[in-house]
Amino acid sequence: MTRLRAAFAVIFLAAGVLPLTAQASDLTYDHRVAGDRALTVLIGPFFPEAFQAFGGKFESTNLGTLGGTLGLGLDFYLDEHWSLGGSLRGSVAFSPNKNTLFMVPVTFRATYEFKSYPFSFPVGMGAGISFTSYLSSTNIDYIVTPTVGALWNMSSSWSFGIETTQWIVFQPYLGGGSVPSSDSRIGYFIDPSLTAIYHF
Amino acid sequence: MNLRTWSAIGVILLLVSCSQGTQGIFASIQREQKVKSNGGLSDGATVTHMAEFQGTGAASYYIAGGGTLFHRLTGATDWQPATISAGATYNRFMAVGSAGGNTGTLWAVANYDSTGSNKLFSSPDGVNWTAYTGLGNVTPQNLIPIRKSDGYSSDSLLLTVTDNTSGSLSGSYDQVFIITSSTVGASLAMPAITATVGTTSTTTNAYSFPITGAATDGSGYYYFINNDALYSYNGGNITRIPGNSPMPTDTSELNGHGFYGIAVLPHGTLTGVGNGTTDLQAVITSTNGTVYWGTLNSGTWTYVNQVNGIKDKYYGQTVPMGTVILENQTNPAYVWMGTRNLVTNQGAGFVSLSTAGVYALQPPSGTDSDNYNSATTSTITTVSSSTVTSLATSQILLLFKASDGSYFAGTATQGLWKWVASGATGTWSQQ
């Protein structure tokens, strides 16, 4: 049965959310209550959406249409629905000359899970800093990360599904340094990721 | 560190992105331009000649003009330089053109050795070149595509040469050669003319000006044009049209107007010109700013009308016209003409003549009514929806249609541009 569940988990990861209710109908979720923790691993594509001057209009990022992202997260349940935690992610995107833009955000987040047995739909908001590196420049930027997801709770320990996070990266320059304030931008990216969560 | 220092660090971390360099990361990515590895072809290159050729190699474009021959696969974006002989002294290419179609022969006028003397070369594949030795005592100067009567394609080349013999013909353009596929035809003498210098009348074919435009009607007639007149050839002698009148006597509406380019067009292309079902048409450009059109059948030119290109911004300065081609990817079609020198090395982009009965000369973007002025009508029709400043202020020395329907414009100082039709207009991009 365990092997079968694992096989279903792989299929589920590949295909997204599927109505596999029969597999979970007799399970109890004893790791989704206050004091429990959830370790999240995610991987997925990374899509640059737009750059925006502060107060300006949305413009093309000039980055390639596809990059990639990896992520780790650790959350602590406050009750059956609410959790607090943190996330570490890494993403790459590519410029017209194939130079690589690296962004590594570290965020703290609060998540609320809507539950419809055996599925749960987390909605969260994160905020933190992003280490942003491109060619010889490195920044510490500010980032806000609203997230929505759809998870299938396969067992009391494992959940699988998709999480989509909107990255809003603030890159302000005050003009006092070598970079003019006119180079201030807000960057918008999105990463729909396959997610596996271990509850313990 | 004291509390004030920690506070300052905290404020900085809270408010300011830490960066090296002089540009914001996102902003610099936004501004980043893709670097073309064009093998040395710069955006400021001179491009005078172009060919699309496969031969025994891969289907490629070839361009020349600034002394270097560049080639690229037709589906690629980056140009690569070519050489006559690796390690040669010069490897300077003056002209390139194909004859005999896509699998015929690629021809070039180039010099590569320490003499610096032009030679004619042929290549079956664009890589291996062989010097042609059967021209006689002449120096090759230029290869001119002989445009077919569709107004844009070319299957043969006209080779212009200067005479190396001593005497009055030395250095003159007294003969030409027609190149079809791998064959160079016999030397064709330009017709003798009678010129009066002072009170002395002299008969000579020591031409000071080369042929600059060539076309054929598909039934054996070739048409050449130089600064002074239009000529025909159909297997006998080259004949001046009309007749052998001495130049520059103004015996026809064409004489003495700095003619430069010619395009023979299918019947009915220009609305209301000649018999729309039987007459071939022709458009002739001049560096004096006048564009002529009429019919051209079996060596007979019948003038119909003309229009002047005047660049109002420069107080009535005329727009010198050059190469000419039919653009038939839009409906209606247009006759495009390249402009030549206006001020120093600056031109006025390409000029467009509508075929739909609105015979106005139009600027490249078609929206600047203060750019060109038509002597016939002030109606302006948009040709391209985008304004391309560097193209619009260039000398256009080359207009070329590729087999995929795109058009190329070679400029004096702004490199090569490609136009792709989109609906009733099109988009230019620098190559």
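In the predicted model, the side chains of R31(B) and D183(A) meet in a salt bridge, with an N to O distance of 3.0 Å. This pair crosses between chains, from helix α2 (residues 25-31) of chain B, which holds R31(B), to the loop between β8 and β9 of chain A, which holds D183(A). The two partners differ in their surroundings: R31(B) is partly exposed, with a relative accessible area of 39%, whereas D183(A) is buried, with a relative accessible area of 3%. The count of salt bridges between chain A and chain B is 1, and residue pairs in polar contact across the two chains, both at pLDDT 80 or more, number 14.

The wider interface brings 36 residues of chain A into contact with 24 residues of chain B. Between them the two chains bury about 2,400 Å², of which 52% lies on carbon and sulfur atoms. On the side of chain A, the residues that lose the most area to chain B are N97(A), Y142(A) and D183(A), which together account for 20% of what that side buries. D183(A) thus appears both among these residues and in the salt bridge with R31(B). The side of chain A that touches chain B draws at least two residues from each of β5 (100-116), β6 (119-134), β7 (137-153), β8 (158-171) and β9 (185-199) of chain A. Of the elements on this side, β7(A) gives the most, with 6 residues.

Chain A itself comprises 2 helices and 9 strands, and from the N terminus on its elements follow the order α-α-β-β-β-β-β-β-β-β-β. Of its 200 residues, 47% count as buried. Among contacts in chain A between residues at least 6 apart in sequence, 60% join residues at least 24 apart.

Over all chains, the structure holds 4 salt bridges. One of them is formed by D75(A) and R109(A), whose closest N and O atoms are 2.6 Å apart. This pair links distant parts of the chain, as D75(A) lies in strand β3 (residues 67-77) of chain A and R109(A) in strand β5 of chain A, 34 residues apart. D75(A) counts as buried because its relative accessibility is 5%, under the 20% limit. R109(A), at 12% relative accessibility, likewise counts as buried.

A further salt bridge joins E163(A) and R89(A), with the closest N and O atoms 4.0 Å apart. E163(A) belongs to strand β8 of chain A and R89(A) to strand β4 (residues 82-94) of chain A, so this pair ties together parts that are 74 residues apart in sequence. E163(A) counts as buried at 6% relative accessibility, and R89(A) counts as buried at 6% relative accessibility. R89(A) and E163(A) also take part, with D191(A), in a network of salt bridges.

In chain B, the largest nonpolar core has 19 residues, and those with the most contacts inside it are V283(B), V291(B), W293(B), V335(B) and M337(B). Two or more residues of this core come from each of the chain B elements β20 (259-265), β22 (290-297), β25 (321-327), β26 (334-339) and β27 (350-354). The largest share, 3 residues, is supplied by β25(B). A second, separate core contains 18 residues, including Y173(B), V176(B), L188(B) and I193(B).

Strand β31 (residues 407-411) of chain B is mostly covered, with 5 of its 5 residues buried. From β31(B), Y407(B), A409(B) and T411(B) point one way, while F408(B) and G410(B) point the other way, and all are buried. On one side of the pairing pattern, β31(B) and strand β30 (residues 396-401) of chain B pair in the antiparallel sense over 5 bridges, with L399(B) standing opposite A409(B). The hairpin of these strands has 5 residues between them, and within this hairpin G405(B) takes a positive phi near 90°. β31(B) is also joined by 4 bridges to strand β32 (residues 416-422) of chain B, and these strands run antiparallel. Here K418(B) in β32(B) is the bridge partner of F408(B). The hairpin of β31(B) and β32(B) has 4 residues between the strands, and G415(B) takes a positive phi near 70° in this hairpin.

Methods. Residues numbered from 1 in each chain as written. Chains lettered and ligands numbered in written order. Heavy atoms only, no water. Core = buried A, V, L, I, M, F, W, Y, C linked by side-chain atoms within 4.5 Å. Buried < 20%, exposed > 50% of the residue type's maximum accessible area, 1.4 Å probe, protein only. Pairing = 2+ DSSP bridges. Contact = heavy atoms within 4.5 Å. Buried area = accessible area lost by both parts, 1.4 Å probe. Polar contact = N/O pair within 3.5 Å; in protein donor to acceptor, adjacent residues only side chain to side chain.
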